[in-house]
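Reader: I am new to this structure and should like to be guided through it by questions and answers. Please show it first.

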Amino acid sequence: MRSYKAKSVTSIQLLPRERRETALAEAGHNVFNLAAEDVFIDLLTDSGTGAMSDDQWADVVRGDEAYAGSRSFKRFRETVADVIGFDRVVPTHQGRGAENVLFGALLDEGDVVLNNTHFDTTRAHVTNQGATAVDCPAETDLTTDSVGTFAGNFATERGWDAVEEYGQDAVSAVVLTITNNSAAGQPVSMANIRETAAFATEIDATFVIDACRFAENAQFIKQRDPEYADTPLSEIAREQLRPADAITMSGKKDALANIGGFTAVRDTSLFEQCKQRAILYEGFPTYGGLAGRDLEAMATGLREAVQPPYVAERIEQVATLGDLLRERDIPIVTPTGGHAVYIDAAALLPDIPADQFPGQRLVCELYREGGVRTVELGSFAFPGTDRPELVRLALPRRTYWREHLEHIAETAARVRDRRDEYTGLKIVWEPPMEELRHFSAELEPAA
């Protein structure tokens, strides 16, 4: 049973199938190009799409809009210190702004950055600095029915392989993404966080944690690690971030806000560099491209995110969607992660070859059949990698109810029943930066 109730609602409608087919064709078979009003249930992302609390909306009214040194920034900074454990913080307009600020200050051309698995914008920001992004995921087959307890871990043995290949001096940063979005939203263990931090220290690299889903990761540690079963969630959340030299954070995830983010660092010199870069790209370092009301909402959201009833229900809702899909024989990665369910598109559509993007075809058919918008995180989103053909169903926070989950599962079942009818897709236009092509590329049926 949910520990919250609705005070404001938004009407949604399921367009007739013919209109959905037209919209899909006009979007170039890329659901990023769809109008939101044409979508019935939107699982494209959990970033900034959730429902804010009444306390957060009250903060919108209380925001101090001073350009420099606002009261809202002071409250935000104090909250980050209390909840996250970092005193030096630079706000940004969202997570990729935080990546731009930190990586622009931290990386030089020719550097190498290791990550348990780089997500799209993280990889793009590393590449944009002239550095090389190297993935070091745990040895896990994400297409199997059970991937393990902490399948999002960083594989330090792969990290050492990268050090040997590129040279220790080249590896300037080691990044740990918690939870691991590209690895089906799987969590990272406390032991692996410490092991990765020790590895970064040994090779004299800056240890960075992408903390956008820090509360969800903390909940998994509490659930799955007996050592932390009786530890308050807020303490676990802080402890997992303690080894980091720096963090990046999208406030649109576990800070429960519709916009915002920040980077936080330990080192005073790096902090000054980040502040100057923020002035160039984001705004004055005490507002970072945000209104004061956004800083207020994000501060309250950070505290709400580590409240046990909320985060337990969040994880439970994702697991419920996973159960509904499995009941209908939809192949998914299990156990489910904290923010999304990942469908194995290659298993569901086995007749479509990888170079014809089975995941993207599944994305299109979920929209065509039921107005459900999802996102492909396989060969279309990550060209040149060996990522599995996964489709992510990201649940916005505090937004949908059981009836919506059942519609999603029934839609997937109808796609399953018609899978012999589908052909692959081919790209007819893509932007110059291939790391970001899935945001805007256009496709058409391959045959």
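**Questions on the fold**

Author: Leucine 280 counts as exposed, with a relative accessibility of 63%, where exposed means over 50% relative accessible area, buried under 20% and partly exposed in between (1.4 Å probe, protein chains only). This is a predicted model, in which local features need pLDDT of at least 70 and side-chain atom pairs count only at pLDDT 80 or more, while totals for chains, interfaces and linings use all residues. Residues are numbered from 1 along each chain as its sequence is written, and side-chain values use heavy atoms, with hydrogens and water left out.

Reader: In which helix does leucine 280 lie?

Author: Helices (H or I, at least four residues) and strands (E, at least two) are DSSP runs, numbered from the N terminus. Leucine 280 is 179 residues from valine 101 in sequence, and their C-alpha atoms are 9.2 Å apart in space. The helix that holds leucine 280 spans residues 268-281 and is α10.

Reader: What is the order of the strands in the open sheet?

Author: Two strands pair if DSSP finds at least two bridges between them. The open sheet has seven strands with mixed pairing, in the order β2-β8-β7-β6-β5-β3-β4. Its edge strands, each pairing on one side only, are β2 (88-92) and β4. From one strand to the next the twist averages 20 degrees, with axes taken as lines fitted to C-alpha atoms, for helices over the stretch in contact, and angles running from 0 to 180 degrees between N-to-C directions.

Reader: How many bridges join β2 to β8?

Author: The strands β2 and β8 run antiparallel. Within this pairing, valine 90 stands opposite threonine 263 in β8. The number of bridges that join β2 to β8 is five.

Reader: Which residue stands opposite threonine 263 on the β7 side?

Author: Strands β7 and β8 pair in the antiparallel sense, over five bridges. The residue opposite threonine 263 of β8 is threonine 248.

Reader: Which residue in β7 stands opposite isoleucine 209?

Author: Strand β6 (residues 206-210) and strand β7 (residues 246-250) run parallel and are joined by three bridges. The residue in β7 opposite isoleucine 209 is isoleucine 247.

Reader: How many of the five residues of β8 are buried?

Author: In a regular strand the side chains alternate between the two faces of the sheet. Both faces of β8 are covered, since Gly261, Thr263 and Val265 on one side and Phe262 and Ala264 on the other are all buried. The strand is therefore largely enclosed by the rest of the structure, and its count of buried residues is five of five.

Reader: How many aromatic pairs are there?

Author: Rings of Phe, Tyr and Trp (its six-membered ring) pair if their centres lie within 6.5 Å; planes under 30 degrees apart count as stacked, over 60 as edge-to-face and the rest as tilted. By this rule the count is nine.

Reader: How many residues apart in sequence are the parts that phenylalanine 76 and phenylalanine 262 tie together?

Author: These two rings form an edge-to-face pair, 5.5 Å centre to centre with 75 degrees between the planes. Phenylalanine 76 is buried at 0% relative accessibility, and phenylalanine 262 is buried at 0% as well. Because phenylalanine 76 lies in helix α3 (residues 71-84) and phenylalanine 262 in strand β8 (residues 261-265), the pair ties together parts whose separation in sequence is 186 residues.

Reader: Is the pair of phenylalanine 154 and phenylalanine 199 stacked, edge-to-face or tilted?Author: Phenylalanine 154 is buried, with a relative accessible area of 2%, and phenylalanine 199 is buried at 3%. Their ring centres are 5.8 Å apart, and with 40 degrees between the planes the pair is tilted.

Reader: Which ring lies under the charged end of arginine 387?

Author: A charge sits over a ring if NZ of Lys or CZ of Arg is within 6 Å of the ring centre and within 35 degrees of the ring normal. The charged end of arginine 398 sits over the ring of tyrosine 310, 5.7 Å from its centre. For arginine 387, at 3.9 Å from the ring centre, the ring is that of phenylalanine 382.

Reader: How many disulfides does the structure hold?

Author: A disulfide is a pair of cysteine sulfur atoms within 2.5 Å. Cysteine 274 has its closest cysteine sulfur in cysteine 212, 18 Å away, which is too far for a bond. Cysteine 212 is buried at 5% relative accessible area, and cysteine 274 is buried at 0%. The number of disulfides is zero.
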